[in-house]
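Got the viewer open? Follow along and select each piece as we come to it.

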Amino acid sequence: MSVAPLLEVDRVTMRFGGLVANEDVSFAVQPGQVFAVIGPNGAGKTTMFNAITGVYQPSSGEVRFQGKVVRKSFAARLLLRVGGTAIAAAISCMLAVNAVALWKAVIVANYVYGEPFLWGKAIGCIGPALSQVGALWTWGSASVGALLGGGGAFVLWLRTRRTPDVVAAAGIARTFQNIRLFGELSVLENVLVGMHGRLRTSYFTNLLRLPAYWREHADSDARAMELLRFVGLDARAHDAARNLPYGLQRRLEIARALASRPRLLLLDEPAAGMNPTETVALMELIRRIRDTGVTVLLIEHHMRVVMGVSDRICVLNFGKRIAEGTPEQIRNDPACIEAYLGKEELG
Amino acid sequence: MLLLAAAVVLGIIDGPLKLGLVDPMRGVLIFALLGLGLNIVTGFTGLLHLGMAAFMAIGAYAFAISTCDIYPFQLGFWPALGVTAVAGALAGFLLGAPTLGLRGDYLAIVTLGFGEIAQDVLKNLDAITKGTQGINPLPPPSLPLFGEFGSSPAPWYWLFLAITVLAVFACRNLERSRTGRAWLAVREDELAASCMGIAPIPVKMYAFATGAALAAIAGGMWASLYASTGEPGNYDFQISILALCIVIVGGMGSINGVLVGALAMIGVANIALPKLASWLQQKGVVNASNVLGSPNNWKYLVFGLVLVVMMRVRPDGLLPARLERRKAGGSA
């Protein structure tokens, strides 16, 4: 194939203590495909999803999206943030340790009750006051502050390099096997939360409702309603999400995931608990999503769904990949029939 | 809106009718602001915070240092209140930065500890804060628009009402925006929220700082009203718990609920109980030397009973957030 894969899972192993949930799993998803991952319960499918979305870090191996591992890059912003925090922490640490001495020298010494306060003269006293407490003390406290602040900022950055929000911002959205909607929020608000990364208004814009807020507000509401129409939920936009019936909650999760305009959509057992009619409607929805140019990676047990919509299927069993191919190939693969399809078909 | 109208009507009729309600209502408004601050942290973002009193103390001292004439700054009321809010927000950031990675109970313990530390720092930093004396006297605000700030409680009432209305608008604007939705999403399901591209720690940090700023403003109002910060020990755990009770009784995450909660809790303590006690004394049921003669002695008994009954009958509070949201159409 000449097209570069959108998502490459490259020899990923997920180990939890002694338990190996995924071992050396590799597959590649081409753009525009519907790619299904199937396997018996406990085969490590959801663990694989969590490794892709940054909920877990792979014990070994790599997940590449558009040719790169998704993580925050070393950039000027990092230096700025670590440096800024270090300087701020140094100054506040120095002020904190010398607070009383500085206060006495700068404020108390220069203020005579009832007379105007001379700011210029007072600020000029900061330097001498600091040199009086001793260079070692002053610079010592400052460097401890800088170390704590800068180090803390750097460690925080390291630990949040590949968290789910970073992966989501790169263009991977997901749904959950056990539905995780924001129950108390309305259907519309759930979609708006999904849009979070696409919206730009800042804290103060929102606090003061500046014009930018109103522009974005109208725009985002319209887009959210459009998405709800797409999944057929527009009539219930103002209901609380927890009051929706099960099948519609699944659709809302998909709408919420699509709200971030992802390039890749991960669906974790979207047909679980659906009746046959809902299942057919879901298959049609998945096809429509693919037709809008979003690549779909699907975990599913429902063979009708998998065989009906997938372009390519990867089969996992006991954490290992045992087969990959088109639905036709999988249906005739002896290993798959033994591990999965055979049992399912007979049962 | 209904609450605002009721408050305005009360302010107008109180003087002529000699109800004497405006006086204790000032305290209710101060605690309403503290409750609004805690509501952002606990009600919207779902972080249990047991140290709101610390931010109130920081606010009171920041306000006092900015206005009192033993210090050189001597700002007017509004600029000083601005300094107070900024000081509170900074303190919120400082506390939040290293601790917001903690979850649930652990964060609650940290905030509890912070509340105690803040009191001790203010007590022992006596070169700046005058230790247990507190900073006083603070000059009364000179705001001609609200009238003469002398012995009459009315100007204070109007001023505090104006601040509360501003704070309510600020909370409402934030709640129904990208910022507030992120808070609610983190409360409902942190993992799902982060998979939607919301970075939880900065989001919580903003909630913490906003809540701290509102609590600091409450502290500033308190200091201004009593013309003194009082001693640091005033801002103790009881205040933090009182704030939590206000939010729980009113309804977690419901702005109107907090206002009603403040009225219910502080109103009972400052209005209903003294009236009841003096009535009992008049009737000769108890005399002044009796334990039950002073309402303060059974204030906490009533609070405890109210909480138990509330949890049993209306666990979502007097004005549950869910109803409030439905009325507002769920979005907008």
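Start in chain B of this predicted model and select helix 11 (residues 237-250) and helix 12 (residues 255-282): their axes come within 7 Å and cross at roughly 120°. Helix 11 of chain B and helix 12 of chain B are therefore oblique to each other. Turn the view along the crossing and you'll find that helix 11 of chain B passes helix 12 of chain B in a right-handed crossing.

Now show side chains at the contact. From helix 11 of chain B, pick Leu242(B), Cys245(B), Ile246(B), Val247(B), Val249(B) and Gly250(B). Opposite them, helix 12 of chain B brings Gly257(B), Val258(B), Val260(B), Gly261(B), Ala262(B), Ala264(B) and Met265(B). What classes of residue make up the contact of helix 11 of chain B with helix 12 of chain B? There are 10 nonpolar and 3 polar residues, with no charged ones.

**Next stop: helix 10 of chain B**

Keep chain B on screen and select helix 3 (residues 52-67) and helix 10 (residues 200-226), which pack at an angle of about 55° with their axes 6 Å apart. That angle makes helix 3 of chain B oblique to helix 10 of chain B. The crossing of these two helices, helix 3 and helix 10 of chain B, is right-handed. On the helix 3 side of the contact, look for residues including Met52(B), Phe55(B), Gly59(B), Phe63(B) and Ala64(B). On the helix 10 side, the residues include Ala212(B), Gly219(B), Gly220(B), Trp222(B) and Ser224(B). Color the contact of helix 3 of chain B with helix 10 of chain B by class and you get 16 nonpolar, 4 polar and no charged residues.

Leave helix 10 of chain B selected and add helix 7 of chain B: this pair packs at an angle of about 180°, with axes 12 Å apart. That makes helix 7 of chain B roughly antiparallel to helix 10 of chain B. Trp156(B), Phe160(B), Ile163(B), Ala167(B) and Leu174(B) in helix 7 of chain B meet a set from helix 10 of chain B: Thr210(B), Leu214(B), Ile217(B), Met221(B) and Leu225(B). The contact of helix 7 of chain B with helix 10 of chain B has 9 nonpolar residues, 1 polar and no charged.

**Where the chains touch**

Bring chain A back into view. The contact between the chains takes 31 residues from chain B and 41 residues from chain A. Which helices of chain B each supply at least two residues of the side that touches chain A? Select helix 6 (126-129), helix 7 (154-175), helix 8 (178-188) and helix 9 (190-195) of chain B. Helix 8 of chain B gives the largest share of that side, 7 residues. Sorted by class, the side of chain B that touches chain A has 18 nonpolar, 8 polar and 5 charged residues.

**Over to chain A**

Color chain A by its domain assignment: domain 1 (1-70 + 163-171 + 266-347), domain 2 (76-159) and domain 3 (182-261). The centres of domain 1 of chain A and domain 2 of chain A, taken over C-alpha atoms, are 54 Å apart.

Now the sheets. One open sheet of chain A has 6 strands in the order 6-7-8-3-9-10, with mixed pairing. At its edges sit strand 6 (172-174) and strand 10 (320-325) of chain A, each pairing on one side only. From one strand to the next, the twist averages 20°.

Zoom to strand 6 of chain A, which runs parallel to strand 7 (residues 264-268) of chain A and is joined to it by 3 bridges. Ile172(A) stands opposite Leu264(A) in strand 7 of chain A. Then go to strand 9 (residues 312-317) of chain A: 5 bridges join it to strand 10 of chain A, and the two run antiparallel. Asn317(A) stands opposite Lys320(A) in strand 10 of chain A. Strand 9 and strand 10 of chain A form a hairpin with 2 residues between them, and Phe318(A) in the turn has a positive phi of about 50°. Add helix 12 (residues 276-291) of chain A, which lies across strand 3 (34-38), strand 7 and strand 8 (295-299) of chain A, at about 150° to strand 8 of chain A.

Last, select the 4-strand open sheet of chain A, ordered 2-1-4-5 with antiparallel pairing. Its edge strands are strand 2 (19-29) and strand 5 (68-69) of chain A. Find Arg64(A), which stands opposite Val69(A) in strand 5 of chain A. Finish with helix 1 (residues 45-53) of chain A, lying across strand 1 (7-16), strand 2 and strand 4 of chain A and running at about 65° to strand 2 of chain A.

Technical notes: Residues numbered from 1 in each chain as written. Chains lettered and ligands numbered in written order. Predicted model: local features only at pLDDT ≥ 70, side-chain atom pairs only at ≥ 80, totals over all residues. Domains from an automatic or database assignment. Pairing = 2+ DSSP bridges. Axes fitted to C-alpha atoms, helices over the stretch in contact; angles between N-to-C directions. Contact = placed C-beta atoms within 7 Å. Nonpolar A, V, L, I, M, F, W, Y, C, P; charged D, E, K, R; others polar. Parallel < 35°, antiparallel > 145°, perpendicular 65-115°, else oblique. Left-handed = near helix turned anticlockwise from the far one by under 90°.
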